[in-house]
Amino acid sequence: MADSTQTTVNTTEPATGIIYHANAVLEGGGVRGIGHVGALTVAEHYGYKWDHVAGTSAGAMVAAMLAVGYSAKEMYKIMSEVDFSRFADEGKLDLLHVTDVFNFLAHGGLHPGTYLEEFVAALLRAKGIETFGQLVDQEHKDNPRLRYRLTVIASDITTGQMLRLPYDAELFGINPDKLGIARAVRMSASLPFFYVPINLSRAQDGATSRIVDGGLLSNFPLFLFEETESVCPTIGFRLVDSVSNNTTSNPLVSRSTDNAVEIIRALVSTMLSAHDRLYMDDHTRVRTIAIPTNGISTTQFNLSPAQAKQLFENGQKAAEAFFSTWDFEAYKAAYLSGTRHRSRRERLHREMKLIQQNAQQTSTN
């Protein structure tokens, strides 16, 4: 594993005795975000320190914790003790879903998301940090894309615009330095229909914008730190749930859809997990840690301790596989040298022609 930014440090820190500087981008995925934590423990073991971090939805929550100084070990302890059902703001049993339906009709979401924001805010306060102004990267303080060590992605469904927070807070008359980190995470994690959207007044015309989950527009914004790629790699952490053609060994996950509320929840989970199967080009795939989620859905708030442990271990295994072959210098030579690579479509077409030629030769022999 080679890296031009390595620095020798005390071997009591990372197991390798070396620090590797990098950026991290964490995909959204609801309760499955604990898989990110598993992968991050391995990255820390190899000595990775994150200069800039970004995330969407659950990825934004993990990224925020990274940015304020939580280690992956600390995060796992926190996540393993969390009662995930509280993120659905379920204070009492409501078999008729009366409260859910009222919230949905009156406010555009089933749950207010109060606990989510308070949970994140408490974690940040424990590190003495509340606003983005406390996360300014002094080395890049005048750079309009790298001023803050944390970037959170949200979606303005009124204007159809992806929001890079805190930078785009200015669109709503908010000083980016003053924007609360927990508030930004709440915006990014506003699962459509599931959580009540955040309403903000636009500075330009005073009209109201509805802010929802960043995953609608960019669930995996690996492009955010491209300008630093030549000196500092950006590594992606992605939650994937591959579906095998063999439905016996890897069946599709069945969700209850017996009433309107369950249909809405299934719709949200399906809509956001669709990102898991999006095509990635080689440039993206080669620097991405793909973490299997074992069919666990985005909104499975009744996650069991065993399932949480499995997600964590999946993250560890995926990261071990990635770092066993990752080499930043080789990556730069292959993808940042200006050499043109055949696209995947070109390679597939070439393979098709070779198969055809072989078939023709076989038939003539």
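Here is a short chat about salt bridges, one buried threonine and the nonpolar cores of a predicted model.

Biologist: How many salt bridges does the structure hold?

Modeller: Let's start with some of the pairs. Glu-27 pairs with Arg-238, Glu-81 pairs with Lys-77, and Asp-177 meets Arg-147. Those three are among the full set, and the structure's count is nine.

Biologist: Take Glu-27 and Arg-238: how many residues apart in sequence are the parts that this pair ties together?

Modeller: The closest N and O atoms of Glu-27 and Arg-238 are 3.8 Å apart. Glu-27 sits in the loop between β2 (18-26) and α1 (34-45), while Arg-238 belongs to strand β10 (residues 234-240), so the bridge ties together parts separated in sequence by 211 residues.

Biologist: And is Glu-27 buried or exposed?

Modeller: Buried means under 20% relative accessible area. Its partner in the salt bridge, Arg-238, has 5% and is buried. Glu-27 has a relative accessibility of 0%, so Glu-27 counts as buried.

Biologist: What about Glu-81, buried or exposed?

Modeller: Glu-81 bridges to Lys-77, with the closest N and O atoms 3.1 Å apart. The cut-off for exposed is over 50%. With a relative accessible area of 57%, Glu-81 is exposed.

Biologist: Where is Arg-147, the partner of Asp-177?

Modeller: The two side chains meet at 3.0 Å, N to O. Asp-177 is partly exposed at 22%, and Arg-147 is partly exposed at 23%. The pair links distant parts of the chain, 30 residues apart: Asp-177 is in the loop between β6 (161-165) and α6 (181-188), and Arg-147 is in the loop between α5 (114-125) and β5 (150-156).

Biologist: Over to Thr-234: which residue's side chain does it join through a polar contact?

Modeller: Thr-234 is in strand β10 and is buried, with a relative accessible area of 1%. Leaving out residues up to four places away in sequence, Thr-234 touches Asn-23, Val-25, Leu-222, Phe-225 and Arg-287. The polar contact, at 3.5 Å, is between the side chains of Thr-234 and Asn-23.

Biologist: Which helix gives the largest share of the largest nonpolar core?

Modeller: That core has 85 residues, and Tyr-48, Trp-50, Phe-87, Leu-150, Ile-289 and Phe-323 touch the most other members. Its largest share is eight residues, and they come from helix α2 (residues 58-67).

Biologist: How many residues are in the other core, apart from that one?

Modeller: Phe-225, one of the residues Thr-234 touches, is a member of that other core. Ile-153, Phe-220 and Leu-224 are also among its members, and the core's size is eight residues.

Key: Residues numbered from 1 in each chain as written. Predicted model: local features only at pLDDT ≥ 70, side-chain atom pairs only at ≥ 80, totals over all residues. Heavy atoms only, no water. Salt bridge = Lys/Arg side-chain N within 4 Å of Asp/Glu carboxyl O. Helix = DSSP H or I, 4+ residues; strand = E, 2+ residues; numbered from the N terminus. Buried < 20%, exposed > 50% of the residue type's maximum accessible area, 1.4 Å probe, protein only. Polar contact = N/O pair within 3.5 Å; in protein donor to acceptor, adjacent residues only side chain to side chain. Contact = heavy atoms within 4.5 Å. Core = buried A, V, L, I, M, F, W, Y, C linked by side-chain atoms within 4.5 Å.
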